[in-house]
Structure formats: structure tokens, C-alpha cells
Amino acid sequence: SYGLMNHLTKEIVEFGYFALQNNNDCTNIFQENNVFAGKHFNSVIAFNVPASLLVPAAIYQPENVQMQLDAVYGDVEELVLMTEHLPEWNMYNVYGVPAPLHAALCKKNESYKFRNINSVLLNNFTGEKDEAMLLDFRKNEFSVIVFKNNLLQLVQTFIYASPEDVLYSLLKICRQLNLSQQDIKISLAGLIEKDSAIYRELYKYFIHLEFEELPAAISIAEELKVHPSHYYSTISKLAICVS
């Protein structure tokens with residue numbers, strides 16, 4: 001997905017979403033869409049990649065990054081390794097970007113700022129963290145960030161084919177982390193509708209459901225308001241990185 005923002009007014013004026021069959025399709029998207037042509041005042045790209053690991057600062061060592069990712073995700077030699085420091089959480093986010101995707105971006109010759117989407121979501125989460133969960137939905141997958149006792153407990157992405165898949169994953173998380181379905185506050189962002197089957201399933205088992213509001217610093221153009229504002233919640237958090 002992408003957003004185009006007016007730098008002066010901090011208003012997102014265009015939003016789009018592509019479904020890629022493979023990472024090489026990214027090159028075609030840049031070539032075939034005018035929104036990516038020319039230069040922009042500022043650009044930031046956030047990666048949502050499977051090989052992503054949060055490492056406590058106390059044990060982080062740059063020379064061990066590849067070994068740690070290999071241990072969790074298998075051979076990551078075909079990935080470009082990147083690291084972000086999250087001082088508020090006293091952690092480092094280490095992750096691997098597919099080499100073809102990284103190469104396609106570098107060919108653009110723009111001064112991109114690279115981020116990991118989990119870092120963006122963590123740094124801009126404004127809800128309560130006593131017992132809370134953020135769900136960010138995309139096509140056929142969703143990200144989960146879980147807090148308990150004001151501490152980060154889990155950051156993970158799940159694939160789903162049905163509403164029952166989503167519900168099963170969340171109930172399993174609650175059971176493993178000893179979270180109360182009656183007390184936990186769940187924030188919903190991304191491509192989910194209030195009248196959808198997923199929302200109805202969640203509402204059967206969780207009491208405190210709410211859709212994320214947009215960050216106060218960012219606004220949305222009138223023509224984009226035909227869709228719920230939480231559609232743009234994540235891209236708006238990314239926009240803060242360049243505002």
C-alpha cells in the first residue's frame with residue numbers, strides 16, 4: 001500500500017493498494033504508476049517482512065544478527081539485513097528484506113528512509129498498554145501486537161483464509177499469555193469492516209473492540225473519506241515519519 005501526502009498541509013491526498021504475486025512485481029509497479037514517477041519532497045518505505053526479530057538491547061550484537069535470524073527463520077542469505085534501534089522499548093528490530101525488492105527500490109535513486117512496519121506501529125501506539133492488542137489487517141494476513149502490564153509481549157503476523165482462522169489465533173494468544181477476553185482492549189486497523197464476518201466473530205468473544213483513530217498530526221482528503229478512517233491508520237503512522 002502507499003500514501004501520497006501534501007507536505008505542507010499534512011494531508012494524505014492519495015492512497016492505493018497492490019497485491020503482488022512475488023517481490024519482482026514491485027519493479028513493474030514503479031514503472032507503470034505515475035504516482036511513483038519523478039521526485040518527492042521526502043519518501044519513507046516500511047517493510048512488512050516475515051524475517052523480523054526483536055532483540056533486547058542488553059544482548060544485541062551486530063555481528064550476531066544473521067545468526068539470530070538464521071536460527072529462527074532458516075537460511076536468510078538471500079535477504080538484505082537491516083536493523084532499527086527502538087530506544088523507548090530498549091530493543092533492536094533486526095529484519096531481512098528480499099534482495100530483489102531491495103534492489104528495485106535502490107534503482108529508483110531516491111533518498112528513501114527505510115523502516116520496519118512493526119517499529120512504526122510500536123512507536124506510534126497511543127492506546128493503553130495494561131492489557132491491549134493491536135490488529136492490523138491486510139488481504140489474507142494480519143499483524144498482532146500485544147501488551148500486558150505495560151510490557152510488550154508479542155509481535156507476529158498471521159495468514160488467514162476465514163474469520164475462524166483469525167479468531168483461533170487470537171484465542172490461542174489469550175490462552176498462552178493469560179489474557180482476559182473480557183478485559184483486553186483490542187484496536188482494529190487496516191482493511192476490516194464493522195459489518196464484516198471477521199468483526200462479527202471477534203465481537204462474540206471480545207468485549208472491548210474499537211477502530212483506531214488517525215494520528216492528530218495527519219488528515220485525510222475529502223475524497224478518501226468514503227472509506228472508514230481506520231483504513232488509513234497505518235499509512236498515517238508512516239506519514240508521521242516524514243512530516
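Which residues in H7 are buried? In this predicted model, the answer is Ser233, Thr234, Ile235, Ser236, Lys237, Leu238 and Ala239. The close-ups below start with that helix and move on from there.

**View 1. Helix H7 (233-240) is mostly covered.** Seven of the eight residues in H7 are buried. Among them are Ile235 and Leu238, along with Lys237. A handy rule for looking at a helix like this: an α-helix has 3.6 residues a turn, so residues three or four places apart point the same way. H7 turns up again in the next views, since it gives two or more residues to the largest nonpolar core and at least two to the lining of the second largest pocket.

**View 2. The largest nonpolar core has 26 residues.** Look for Ile12, Trp89, Leu122, Ile145, Phe147 and Leu152, the ones with the most contacts inside this core. Helix H4 (117-123), strand E8, strand E9 (141-148) and helix H7 each give two or more residues to it. The largest share, four residues, comes from H4. There's also a second, separate core of 24 residues, and Leu170, Ile186, Ile192 and Tyr199 are included in it.

**View 3. Ile12 and the residues it touches.** Skip anything up to four places away in sequence, and Ile12 still touches Leu4, Met5, Ile218, Ser219, Ile220, Ala221, Leu224, Ile235, Ser236 and Ala239. Three of these names may look familiar from View 1: Ile235, Ser236 and Ala239 are buried residues of H7.

**View 4. The second largest pocket has a volume of about 280 Å³.** It is lined by 18 residues, and Thr126, Gly127, Ser187, Glu212 and Glu213 are the closest to its centre. Strand E8 (131-138), strand E11 (185-190), strand E12 (208-211) and helix H7 each supply at least two residues of the lining. What's the mix of nonpolar, polar and charged residues in that lining? Eight are nonpolar, four are polar and six are charged. If you're wondering how anyone finds such a space, rolling a probe the size of a water molecule over the atoms shows where empty space is left.

**View 5. Glu141, in strand E9, and its polar contacts.** The side chain of Glu141 makes one polar contact with the side chain of Asn48, at 3.1 Å. Another links it to the side chain of Arg138, at 2.8 Å. Leaving aside neighbours within four places in sequence, Glu141 is in contact with Asn48, Asp136, Thr157, Phe158, Ile159 and Tyr160. Now try finding Ala46: Glu141 and Ala46 are 95 residues apart in sequence and 16 Å apart in space, C-alpha to C-alpha.

**View 6. Glu210, in strand E12, is partly exposed.** Its relative accessible area is 49%. That value falls short of the cut-off for exposed, which is over 50%, so Glu210 counts as partly exposed. Setting aside neighbours within four places in sequence, Glu210 is in contact with Ile186, Ser187 and Leu188. For a sense of scale, Glu210 and Pro62 are 148 residues apart in sequence and 39 Å apart in space, C-alpha to C-alpha.

**View 7. Asn90 and Asn150 each have a positive phi.** Most residues other than glycine have a negative phi. Asn90 has a phi of about 55°, and Asn150 has one near 65°. Where do you find Asn90? Look in the loop between strand E5 (79-86) and strand E6 (91-98). Asn150 lies in the loop between E9 and strand E10 (151-159).

Note on methods. Residues numbered from 1 in each chain as written. Predicted model: local features only at pLDDT ≥ 70, side-chain atom pairs only at ≥ 80, totals over all residues. Heavy atoms only, no water. 1 Å grid on protein atoms, 1.4 Å probe; cavity = no way out; pocket = protein on both sides within 12 Å on 5 of 7 lines; lining within 4 Å. Points joined across faces, edges and corners; volume = space filled by probe spheres on them. Nonpolar A, V, L, I, M, F, W, Y, C, P; charged D, E, K, R; others polar. Core = buried A, V, L, I, M, F, W, Y, C linked by side-chain atoms within 4.5 Å. Buried < 20%, exposed > 50% of the residue type's maximum accessible area, 1.4 Å probe, protein only. Contact = heavy atoms within 4.5 Å. Polar contact = N/O pair within 3.5 Å; in protein donor to acceptor, adjacent residues only side chain to side chain.
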